[in-house]
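Here is a short report on one protein chain. Look through the sequence and the model before reading on.

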Amino acid sequence: MSEIVEVKLPKTPPCWDTCGNCATDELTVAEVLVSPGQEVKHGDALMVLETNKVGLEIPSPESGTVLEVLVQDGDLLDPEQVIVRIEVQ
């Protein structure tokens with residue numbers, strides 16, 4: 001039986017609220033690295049996000065098949081937004 005896993009944008013680090021030296025709360029999709037139908041393994045990079053100074057790879061939490069990619073290169077993201085759906089066997 002398969003299960004659908006929703007990959008969400010991680011919460012921003014708490015230090016961003018007070019420091020502001022390394023990043024802002026704005027996260028943008030720099031590059032989507034997967035497409036629907038693609039097989040991924042646990043830990044494979046799904047996409048790269050960026051702030052004004054920091055790049056962040058988002059890893060797959062499970063092995064499975066990408067069902068949907070819900071964002072595109074250049075999209076501005078909201079905290080905990082669903083960005084990819086993966087079917088896990």
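A polar contact is a pair of N or O atoms within 3.5 Å; within protein, one atom must be able to donate a hydrogen and the other to accept it. The model is predicted. One such pair involves S60: a polar atom of its side chain lies 2.5 Å from the backbone oxygen of E62.

**The S60 site**

Where does S60 sit? S60 lies in the loop between β5 and β6 (64–69). Is S60 buried or exposed? Its relative accessible area is 2%, so S60 counts as buried, the cut-off being under 20%. Beyond its neighbours within four places in sequence, S60 contacts V40, K41, H42, G43, D44, L46 and I86.

**Overall fold**

The protein chain holds one helix and eight strands. Read from the N terminus, the order of elements is β-α-β-β-β-β-β-β-β. The chain has 89 residues, and 28% of them are buried. Its accessible surface is about 5,500 Å². Carbon and sulfur atoms account for 48% of that surface. Among contacts with a separation of 6 or more, 57% join residues 24 or more positions apart.

**The sheet**

Four strands make an open sheet. Their order is β5-β4-β2-β7, with antiparallel pairing. The edge strands are β5 (55–59) and β7 (76–77), and each pairs on one side only. Strands of a sheet pair through backbone hydrogen bonds, either parallel or antiparallel. Between β2 and β4, which run antiparallel, there are four bridges. T28 stands opposite E50 in β4.

**The core**

The largest nonpolar core has 18 residues. Within this core, I83 and V84 touch the most other members. Four strands each supply at least two residues of the core, as tabulated here.

| Strand | Residue range | Core residues supplied |
|---|---|---|
| β1 | residues 3–8 | at least two |
| β2 | residues 27–32 | at least two |
| β4 | residues 45–50 | at least two |
| β8 | residues 82–88 | at least two |

Which strand gives the largest share of this core? That strand is β8, with four residues.

I83 deserves a separate look. Not counting residues up to four places away in sequence, I83 touches V7, K8, L9, M47, I58, E68, V69, L70, V71 and L77.

Key. Residues numbered from 1 in each chain as written. Predicted model: local features only at pLDDT ≥ 70, side-chain atom pairs only at ≥ 80, totals over all residues. Heavy atoms only, no water. Buried < 20%, exposed > 50% of the residue type's maximum accessible area, 1.4 Å probe, protein only. Contact = heavy atoms within 4.5 Å. Areas by Shrake-Rupley, 256 points an atom, 1.4 Å probe, with all protein chains shown as cover. Core = buried A, V, L, I, M, F, W, Y, C linked by side-chain atoms within 4.5 Å. Pairing = 2+ DSSP bridges.
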